[in-house]
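Let's take a walk through this fold together, starting from one spot inside and working outwards. Keep the viewer open as you read.

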Amino acid sequence: SKQVKQSLQMASRKAKITPKPWQLDANAKLAESWGSETKFLFNHPRGCGKTTTMTMAAFTMLRYLDQRIVVVVVDRCELQQQFAQTAQPFLEAQTHLSVRLIQCYSAKDVSKAFSDAEEDEETLCLLVVTLQLFPHVTQMASNSLSSQMAVIADEAHRSHADKSLTSHLLRVTGKGVKLLMFTGTATKRCLRLYGHKVQRNGKLFYQAFHTVTEEEA
């Protein structure tokens with residue numbers, strides 16, 4: 001985890017980004033817990049730099065956690081462009097890591113990205129898609145790629161309201177895909193779907209993998 005923090009600090013300096021302590025802590029914890037978890041719920045309020053944290057998480061998974069494809073799911077096209085604008089300078093600053101940043105606007109774009117990744121085993125991809133396109137990602141996630149693929153979804157509290165999308169999100173975990181869910185309002189249902197179980201005084205609770213309070217932000 002120390003190595004991850006140092007690497008992120010160095011990458012951030014090159015990209016002229018000043019990382020927040022919780023962004024470094026969240027990614028260090030992600031690396032430490034990678035082998036024992038399949039779903040990671042990040043409860044981060046508005047204004048705490050979620051887009052940057054997501055970019056750092058993608059970098060961490062592609063460089064240190066043996067992932068070849070990271071799919072970022074957002075709920076609007078404007079957020080798709082916003083994420084790409086944040087991620088591009090961060091990735092361009094990596095002289096030792098070559099990642100294709102692809103904004104997918106159609107099922108054809110998704111299909112081509114996965115086909116290219118299957119043909120070239122050295123390819124590392126960061127795909128940015130909207131909620132509407134994610135079912136196509138589920139279909140394209142082949143067994144050969146699924147163990148080296150992770151999904152980052154922004155605003156999990158929005159996506160879990162759609163039962164069909166929830167089904168797709170949870171289905172990919174059965175293929176070995178890791179899920180990173182970001183939200184600023186972790187409802188009880190959101191925690192039950194994407195949080196992890198904790199026993200306290202004989203009672204079962206669900207909590208987020210990583211939480212940032214409004215006071216911290």
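Start at L169, which sits in helix α9, the stretch covering residues 163-173. Is this leucine buried or exposed? With a relative accessibility of just 2%, L169 is buried, since anything under 20% falls into that class. Now look across to Y194: the two residues are 25 positions apart in sequence, and their C-alpha atoms lie 9.9 Å apart in space. Keep in mind as you turn things around that this is a predicted model.

Zoom out to the whole chain. You'll find ten helices and nine strands in the protein chain. The radius of gyration is 16 Å, close to the 17 Å that the globule rule gives for 217 residues, so the chain is as compact as a globular protein of that length. Along the principal axes, the C-alpha atoms fill a box of roughly 50 × 40 × 30 Å. L169 has plenty of company in being buried, as 53% of the 217 residues in the chain fall in that class. And how much of the contact map comes from residues far apart in sequence, 24 or more positions? Of the contacts with a separation of 6 or more, such pairs account for 79%.

Next, go to the N-terminal end and pick out α1 (residues 2-14) and α2 (residues 21-33). Their axes come within 9 Å and cross at roughly 135°. That makes α1 oblique to α2, because an angle has to be over 145 degrees to count as roughly antiparallel. As for handedness, α1 passes α2 in a right-handed crossing. On the α1 side, the contact is made by V4, K5, L8 and Q9, and on the α2 side by L24, D25, N27, A28 and A31. Sort those by class and you get five nonpolar, two polar and two charged residues.

Stay with α2 and bring in another partner, α3, which spans residues 50-64. Here the axes come within 10 Å and cross at roughly 30°. How do the two helices run relative to each other? With that angle, α2 is roughly parallel to α3, because the cut-off for that label is under 35 degrees. The crossing of α2 and α3 is right-handed. From α2, the residues involved are Q23, A26, N27 and L30, and they meet T52, T53, M56, A57, T60 and M61 in α3. By class, this contact has five nonpolar and five polar residues, and no charged ones. One residue to click on is N27, which takes part in the contact with α1 and also meets α3.

Two loops are worth a stop for their backbone angles. Most residues other than glycine have a negative phi. K16, in the loop between α1 and α2, has a positive phi instead, near 60°. This lysine is exposed, with a relative accessible area of 78%. Where does the other example, N201, sit? Look in the loop between β7 (196-200) and β8 (203-207). N201 isn't a glycine either, yet its phi is positive, at about 50°. Its relative accessibility is 83%, so N201 counts as exposed. Set that beside the 2% of L169, the buried leucine in our opening view.

Definitions and conventions. Residues numbered from 1 in each chain as written. Predicted model: local features only at pLDDT ≥ 70, side-chain atom pairs only at ≥ 80, totals over all residues. Heavy atoms only, no water. Axes fitted to C-alpha atoms, helices over the stretch in contact; angles between N-to-C directions. Helix = DSSP H or I, 4+ residues; strand = E, 2+ residues; numbered from the N terminus. Parallel < 35°, antiparallel > 145°, perpendicular 65-115°, else oblique. Left-handed = near helix turned anticlockwise from the far one by under 90°. Contact = heavy atoms within 4.5 Å. Nonpolar A, V, L, I, M, F, W, Y, C, P; charged D, E, K, R; others polar. Rg over C-alpha atoms; globule rule 2.2 N^0.38 Å. Buried < 20%, exposed > 50% of the residue type's maximum accessible area, 1.4 Å probe, protein only.
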